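Q: Please take a close look at one part of the structure below, and then follow the description outward to the rest of the chain.

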Amino acid sequence: PSQQTSGVGRGGNVWLSPEGCAMFAFQLHIPLKSELGRLLPFLQHTVALAIVSSVCSQPGLEVLELGLKWPNDIYAGALKVGGLIVTSVISNTCAICNIGCGFNLDNKFPTVCINDMITQLNKASGQKLPLLTKEKFFAIVFNQLEKLLLMIELGEQDKVIEMYYKHWLHGGAEVDVTGPDGSVQHVTIVGIDEYGFLRVQAANRSEFTVQPDGNSFDMLAGLIAPKVK
């Protein structure tokens, strides 16, 4: 579609996509006994990685500052340019996963778009790198996603996580975790676990995870806290 006006984001938030955004949705049927079925929460991170790594793997675009904000946003520098949401239901021995994604390819406002970044790169470097069409974007993303899903199914998730770390924005960041009882603990982000949950380390060097569902992550303020409705 060229424009979306009734999209749904995390926590039931409304998602509006102006013209120029590349939007797509698809469904995966994943056997629960498969490796990917065992690691089902990691699916959203795999899709986000497919988007960023496929764009940055294009000749000349390796220098684009695209990053992954945990758990499901895509940033260009300090500005959000995309996001995704995954919902799933269990049917017998299979997980039916619906994935919806939006990525700002051509719209200059209200933040920045990828093709403007490519244009600026061309001006600065004297190159003539082609802009990304929606057709090209969809093709490279789904090709990359197929490769990543196969790697996970073959037991190579560690390699996928290594690729993820090349683009993610939070390594070594210090944040405050607010627990259900209101207590605040200062921690350091150390990575993600095999399910994609955020791993943090406390001052006593003990580690624990924060699940993305039901939490708001304000990267600029460095605060992870239960969402208040």
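A: Asn-122 lies in helix 3 (residues 114–125); helices here are DSSP runs of H or I with at least four residues, strands are runs of E with at least two, and both are numbered from the N terminus. This is a predicted model, in which local features need pLDDT of at least 70 and side-chain atom pairs count only at pLDDT 80 or more, while totals for chains, interfaces and linings use all residues. Residues are numbered from 1 along each chain as its sequence is written, and side-chain values use heavy atoms, with hydrogens and water left out.

With a relative accessibility of 14%, Asn-122 is buried (buried is under 20% relative accessible area, exposed over 50%, partly exposed in between, with a 1.4 Å probe and protein chains only). Leaving aside residues up to four places away in sequence, Asn-122 touches Gln-127, Lys-128 and Leu-129, where contact means heavy atoms within 4.5 Å.

Glu-135 belongs to helix 4. At 61% relative accessibility, Glu-135 is exposed. Its C-alpha atom is 9.3 Å from that of Ala-22, although 113 residues separate the two along the chain.

Helix 4 (residues 134–153) also meets helix 2 (residues 43–56): their axes come within 8 Å and cross at roughly 130°. Axes are lines fitted to C-alpha atoms, for helices over the stretch in contact, and angles run from 0 to 180 degrees between N-to-C directions. The pair is therefore oblique, since under 35 degrees counts as roughly parallel, over 145 as roughly antiparallel, 65 to 115 as roughly perpendicular and the rest as oblique. The crossing of helix 2 with helix 4 is right-handed, meaning that the near helix is turned clockwise from the far one by less than a right angle. Helix 2 contributes residues including Leu-43, Val-47 and Ile-51, and helix 4 residues including Phe-137, Gln-144 and Ile-152. The contact residues divide into 13 nonpolar, four polar and no charged; Ala, Val, Leu, Ile, Met, Phe, Trp, Tyr, Cys and Pro count as nonpolar, Asp, Glu, Lys and Arg as charged, and the others, Gly among them, as polar.

As for the cysteines, the count is zero disulfides, a disulfide being a pair of cysteine sulfur atoms within 2.5 Å. For Cys-21, the nearest cysteine sulfur is that of Cys-113, 9.1 Å away. Cys-21 is buried at 8% relative accessible area, and Cys-101 is buried at 6%.

Over the whole protein chain there are five helices and 13 strands, and 48% of the 229 residues are buried.
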